[in-house]
Amino acid sequence: PRRIDLAVIPGDGIGPEVTTEAVKVLLAAVGTDVEVALTEYELGAEHWLATGETLSDATLAALRTHDAILFGAVGAAPGDTLVPSGLIEREFLLKLRFSLDHYVNLRPTRLYAGVPSPLADPGVVDFVVVREGTEGPYTGNGGTLRGGTEHEVATEVSLNTAHGVERVVRDAFRRAAGRRGKLTLVHKHNVLVYAGHLWKRIVEAVAFEFPEVEHDYLHVDAAMIFLVTDPSRFDVIVTDNLFGDIVTDLAAAVSGGIGLAASANLNMDRSAPSMFEPVHGSAPDIAGRQIADPTAAILSAALLLRHLGLDGHAARIEQAVEADIASRTGTRTTTAVGDAIAAAVS
Ligand code: NAD
Ligand code: IPM
Ligand code: MN
């Protein structure tokens with residue numbers, strides 16, 4: 001049989017709880033068709049507290065050798081004074097996304113049948129956000145002067161390269177061409193005139209390669225109105241790293257909750273493994289209680305299988321999730337949800 005070699009990073013908080021279920025479902029879905037090698041890596045805030053490692057060169061090199069990475073979530077609780085906010089996020093998660101060149105952060109949003117949306121009249125919600133993953137305000141290109149004084153100056157520079165924007169925009173057009181043929185650039189070129197105009201120009205230029213795709217533009221603030229009042233207008237949204245982060249938490253909320261939102265950090269050139277993770281974080285407020293919804297992690301495992309060419313197995317997971325969601329009543333433990341979906345795909 002085909003063999004796939006996966007790295008698994010459960011992480012912190014609910015990360016291990018939901019990742020256990022994602023692995024369970026993935027293994028059930030592939031059955032004996034695919035031989036799966038799993039290597040678990042202990043990383044995250046707890047691991048840093050215990051060892052001082054955020055992400056060493058040796059660990060990064062080891063992660064590179066796998067076909068793909070399945071990741072849960074990392075991060076300390078907001079009030080945690082032992083782990084400085086931003087340390088694990090920057091030195092582990094963003095370091096991974098940047099080092100492995102995950103330039104397409106793909107975040108599909110669907111309102112499944114039977115899922116209550118907070119919107120009174122959501123219509124058909126089925127779009128994907130193509131969030132740039134390696135640039136923007138996330139590059140750590142900033143600093144502080146006269147720290148701690150009343151004259152302190154802090155900068156956080158947004159880095160946008162023509163190369164970086166073009167490759168993610170082209171990917172978004174390709175996806176739109178394979179879907180309903182509509183792309184929306186979300187940015188803020190009325191204020192961010194340098195980055196905004198670069199994005200706009202590149203979208204206009206790449207659009208010539210995709211005459212079958214209709215494209216429009218929304219300022220990010222107005223886009224947030226339509227995401228709530230008329231989400232069915234969206235097919236593919238392409239946007240920068242920070243806007244994409246914010247847009248996708250709202251997208252998750254309007255489509256039934258953060259517990260359902262999956263994501264893929266894709267290296268489309270396949271020069272390094274891609275990484276699959278729920279959109280949500282380590283949720284310290286509910287960790288260790290078996291009440292986290294593992295669906296986002298399970299759907300992320302389906303995205304992993306699809307990226308490795310195992311479309312049929314991915315679809316089996318997605319169909320089982322859809323059926324499970326449609327029949328949800330009352331509350332189940334994290335394990336119970338995973339068990340039910342695993343049973344359905346076996
Ligand atoms: P969060 O996504 O962890 O939690 C936000 C809210 O959503 C919480 O009330 C939480 O209980 C709820 N929630 C999240 N996932 C859920 C699930 N599967 N089922 C049910 N409810 C769920 O965001 P936060 O509280 O802002 O961040 C907590 C920590 O996680 C921080 O340290 C942050 O930096 C980190 N974080 C990590 C990632 C990641 O690893 N990819 C993503 C976001 C945040
Ligand atoms: C996400 C998270 C991360 C991001 C943080 C934890 C670095 O919020 O994956 O959405 O901002 O990308
Ligand atoms: Mn986020």
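A residue counts as buried here if 20 or more other C-beta atoms lie within 10 Å of its own, with C-beta atoms placed from the backbone. Keep that cut-off in mind for the views below, which come from a predicted model.

**View 1. Ala283, a buried loop residue beside ligand 1.**
Start with Ala283, which sits in the loop between S12 and H9. Ala283 has 23 other C-beta atoms within 10 Å, so it is buried. Its backbone is worth a look too: phi is near 40°, a positive value in a residue other than glycine. For background, most residues other than glycine have a negative phi. Ala283 is also among the closest residues to ligand 1.

**View 2. The shell around ligand 1.**
Zoom out a little and you'll find 21 residues surrounding ligand 1. Which of them are the closest? They are Gly75, Gly259, His280, Gly281 and Ala283. As for chemistry, the shell splits into 12 nonpolar, five polar and four charged residues.

**View 3. Leu93, tucked into helix H4.**
Leu93 is part of helix H4. Is this residue buried or exposed? Leu93 counts as buried because it has 24 C-beta neighbours inside 10 Å. Setting aside neighbours within four places in sequence, Leu93 is in contact with Val74 and Ile88. Gly75, one of the residues closest to ligand 1, has its C-alpha atom 9.5 Å from that of Leu93, and the two are 18 residues apart along the chain.

**View 4. Asp101, in the loop after H4.**
Follow the chain into the loop between H4 and S4 and you'll meet Asp101. With 20 other C-beta atoms within 10 Å, Asp101 is buried. That meets the cut-off, which asks for 20 or more. Phi of Asp101 is near 55°, again a positive value in a residue other than glycine.

**View 5. The open sheet, strand by strand.**
Here 10 strands line up as an open sheet with mixed pairing. Reading across, the order is S2-S1-S3-S12-S11-S4-S5-S10-S8-S9. Which strands sit at the edges? Those are S2 (34-40) and S9 (214-219), each of which pairs on one side only. On average, neighbouring strands of this sheet are turned by 25° against each other, direction ignored. Helix H9 (residues 295-307) packs on the sheet and touches S3 (68-73), S11 (262-266) and S12 (274-278). The direction of H9 makes about 160° with that of S12.

**View 6. Strands S4 and S5, side by side.**
Now go in on one pair from that sheet. S4 (residues 104-110) and S5 (residues 126-132) run antiparallel, and seven bridges join them. To find your way along the pair, pick out Asn105, whose bridge partner in S5 is Arg131.

**View 7. Where domain 1 touches domain 2.**
The domain assignment gives domain 1 as 1-114 + 257-346 and domain 2 as 117-123 + 134-255. Their C-alpha centres lie 24 Å apart. The contact takes 19 residues from domain 1 and 16 residues from domain 2. On the domain 1 side, helix H4 (87-99) and S4 each supply at least two residues. Which element gives the largest share of that side? It is S4, with five residues. Sorted by chemistry, the domain 1 side has 10 nonpolar, four polar and five charged residues.

How values were computed:
Residues numbered from 1 in each chain as written. Chains lettered and ligands numbered in written order. Predicted model: local features only at pLDDT ≥ 70, side-chain atom pairs only at ≥ 80, totals over all residues. Pairing = 2+ DSSP bridges. Helix = DSSP H or I, 4+ residues; strand = E, 2+ residues; numbered from the N terminus. Axes fitted to C-alpha atoms, helices over the stretch in contact; angles between N-to-C directions. Contact = placed C-beta atoms within 7 Å. Domains from an automatic or database assignment. Nonpolar A, V, L, I, M, F, W, Y, C, P; charged D, E, K, R; others polar. Near = placed C-beta within 6 Å. Buried ≥ 20, exposed ≤ 12 C-beta atoms within 10 Å, placed from the backbone.
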